[in-house]
Number of protein chains: 2
Amino acid sequence: MSTAKETAGGEMPPWAEVTPDAARRLLVAAVEAFAERGYHATTTRDIAGRAGMSPAALYIHFKTKEELLHRISRIGHERALDVLRTAARGEGNATERLADAVSSFVRWHAGARTTARVVQYELDSLGPAARAEIIALRRQVDAEVRGIIEDGVASGEFDVPDVRGTTLAVLSLCIDVARWFNVNGTRTPDEVGALYADLVLRMVGASK
Amino acid sequence: MSTAKETAGGEMPPWAEVTPDAARRLLVAAVEAFAERGYHATTTRDIAGRAGMSPAALYIHFKTKEELLHRISRIGHERALDVLRTAARGEGNATERLADAVSSFVRWHAGARTTARVVQYELDSLGPAARAEIIALRRQVDAEVRGIIEDGVASGEFDVPDVRGTTLAVLSLCIDVARWFNVNGTRTPDEVGALYADLVLRMVGASK
DNA sequence: ACGCAGGCTAAGCGCTCGCTCAGGCGGCGA
DNA sequence: TCGCCGCCTGAGCGAGCGCTTAGCCTGCGT
């Protein structure tokens with residue numbers, strides 16, 4: 001049911017794929033620091049300090065500070081795309097799949113908010129090559145949502161005059177969750193996911 | 001009709017209230033630089049350079065780099081709030097006022113995108129005192145939208161189970177326009193405003 | 001005619017940044 | 001037993017940062 005679990009302290013994306021252990025600790029420290037203060041305001045000394053290491057240790061595992069952001073961004077986008085695809089390509093009609101996709105995607109942005117903030121808002125601190133790679137992943141996210149909406153229009157479930165514009169708005173709504181979530185602590189990721197799924201079904205004119 | 005006009009090169013908020021002329025040129029240069037690269041990645045030398053001055057000139061008109069961001073943020077928020085209020089407190093029923101408020105607010109975020117980006121995304125580069133002042137302005141924005149939705153529920157025009165959550169989502173949708181607008185250049189601010197007004201009316205269950 | 005105040009610049013201070021380098025420590029294969 | 005290799009540190013380099021200071025123009029009141 002819930003693909004993401006979270007405890008008070010942190011989130012749980014499978015940074016497991018990052019090895020060795022010290023590199024993973026540095027990367028997790030970087031995610032926290034970037035999310036709190038932004039990429040440019042974060043120092044390599046701060047990242048290394050959070051991981052309990054000296055500043056020089058960072059450069060054994062990563063060539064530059066930007067490589068850290070690049071790896072975080074790529075893994076984060078892949079994770080988000082994976083969450084979205086699982087829901088979008090599941091069983092059910094377009095209405096059910098759209099509700100599932102939105103609530104999963106929102107749950108990820110709320111539950112893994114720290115990662116999501118870095119993924120969504122530090123994009124243009126990357127160099128041109130890395131940014132282009134990430135933008136390609138984003139287009140896949142867009143295509144996934146647009147596909148469901150097109151299915152719903154074709155089957156007559158949805159009433160959507162502007163498919164591209166509506167797709168944009170739906171994604172925009174989900175992504176912005178990373179900006180405001182948890183500022184006050186009311187509402188769980190599940191609750192926000194359910195609310196947003198309902199709002200999005202209304203936006204596409206689903207009969208409910 | 002259109003409260004904001006824009007030309008190819010720039011936007012038009014009334015930075016007129018900033019004097020003397022040199023201070024205004026510096027402030028406009030800072031808006032552009034902050035929007036392009038972010039507050040922390042922008043140097044005082046860059047700002048002064050864009051305004052055609054030496055780095056030292058900045059400190060005749062502003063005590064610190066942060067004071068620049070503070071003034072931009074305050075004026076920008078006041079302007080956005082003003083745009084929203086004009087629509088929200090106009091004539092008409094809740095449906096008309098909500099459509100008007102959303103399309104005006106979105107038009108501002110799209111048309112004055114450079115300013116809006118700084119206003120919406122550089123908030124926590126401010127110190128605690130300045131940030132608190134800005135957050136108070138944001139609460140007024142929230143109250144304005146919530147007021148319309150409550151009116152619509154009371155009059156039976158809207159069907160909204162979760163007023164606070166829906167208000168949050170509506171504002172979130174509008175604000176995020178500043179993040180993605182103009183990346184490709186299709187769609188004018190007016191078109192996005194109209195599209196979003198329609199989508200929001202669907203979200204609140206207005207009969208249209 | 002002249003002083004002076006506001007607007008500006010060239011130079012640079014003290015600091016911290018991203019990143020490097022020489023070397024130390026510890027575990028593991030031979 | 002010992003040499004090697006992966007991981008890590010202390011010290012520090014060159015650069016660029018935000019911001020200051022001393023002093024120079026220019027226009028305006030008198």
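**Close-up views of a predicted model**

**View 1. Lining of the second largest cavity.** The residues B:L84, B:L98, B:A101, B:V102, B:F105, B:V145, B:V170, B:L171 and B:C174 line the second largest cavity. Two elements of chain B, α5 (94-111) and α8 (163-175), each give two or more residues to this lining. The biggest share comes from α5(B), with 4 residues. By class, the lining has 9 nonpolar residues, no polar ones and no charged ones. The space inside is about 40 Å³. The count of cavities of 30 Å³ or more comes to 2. This view, like the others, shows a predicted model.

**View 2. Helix α6 of chain B and its cover.** Helix α6 of chain B spans residues 113-121. Of its 9 residues, 7 are buried, so the helix is largely enclosed by the rest of the structure. Buried here means under 20% relative accessible area. The buried residues of α6(B) are B:R113, B:T115, B:A116, B:R117, B:V118, B:V119 and B:Q120. Their cover includes α1 (21-37), α4 (65-88) and α7 (128-155) of chain B. It also includes α9 (177-180) of chain B. Both α5 and α8 of chain B are part of this cover too, and these two helices also give residues to the lining in View 1.

**View 3. Protein surface around DNA strand D.** DNA strand D is surrounded by 17 residues. The closest come from both chains: A:S54, A:I60 and A:H61 from chain A, with B:T43 and B:Y59 from chain B. By class, this surface has 8 nonpolar, 6 polar and 3 charged residues. On the DNA side, 55% of the strand D atoms within 4 Å of the protein belong to sugar or phosphate. The rest belong to bases.

**View 4. Polar contacts to the phosphates of DNA strand D.** Two residues of chain B appear here. A polar side-chain atom of B:Y59 sits 2.8 Å from a phosphate oxygen of DNA strand D. B:T42 uses its backbone: an N or O atom there is 3.2 Å from a phosphate oxygen of the strand. The elements that give two or more residues to the surface near DNA strand D are α3 (58-61) of chain A and α2 (44-50) of chain B.

**View 5. A base contact from chain A.** Which atom of DNA strand D lies 3.5 Å from an N or O atom in the side chain of A:R45? The partner is a base oxygen of DNA strand D.

Methods
Residues numbered from 1 in each chain as written. Chains lettered and ligands numbered in written order. Predicted model: local features only at pLDDT ≥ 70, side-chain atom pairs only at ≥ 80, totals over all residues. Heavy atoms only, no water. Near = heavy atom within 4 Å. Polar contact = N/O pair within 3.5 Å; in protein donor to acceptor, adjacent residues only side chain to side chain. Nonpolar A, V, L, I, M, F, W, Y, C, P; charged D, E, K, R; others polar. 1 Å grid on protein atoms, 1.4 Å probe; cavity = no way out; pocket = protein on both sides within 12 Å on 5 of 7 lines; lining within 4 Å. Points joined across faces, edges and corners; volume = space filled by probe spheres on them. Buried < 20%, exposed > 50% of the residue type's maximum accessible area, 1.4 Å probe, protein only. Contact = heavy atoms within 4.5 Å.
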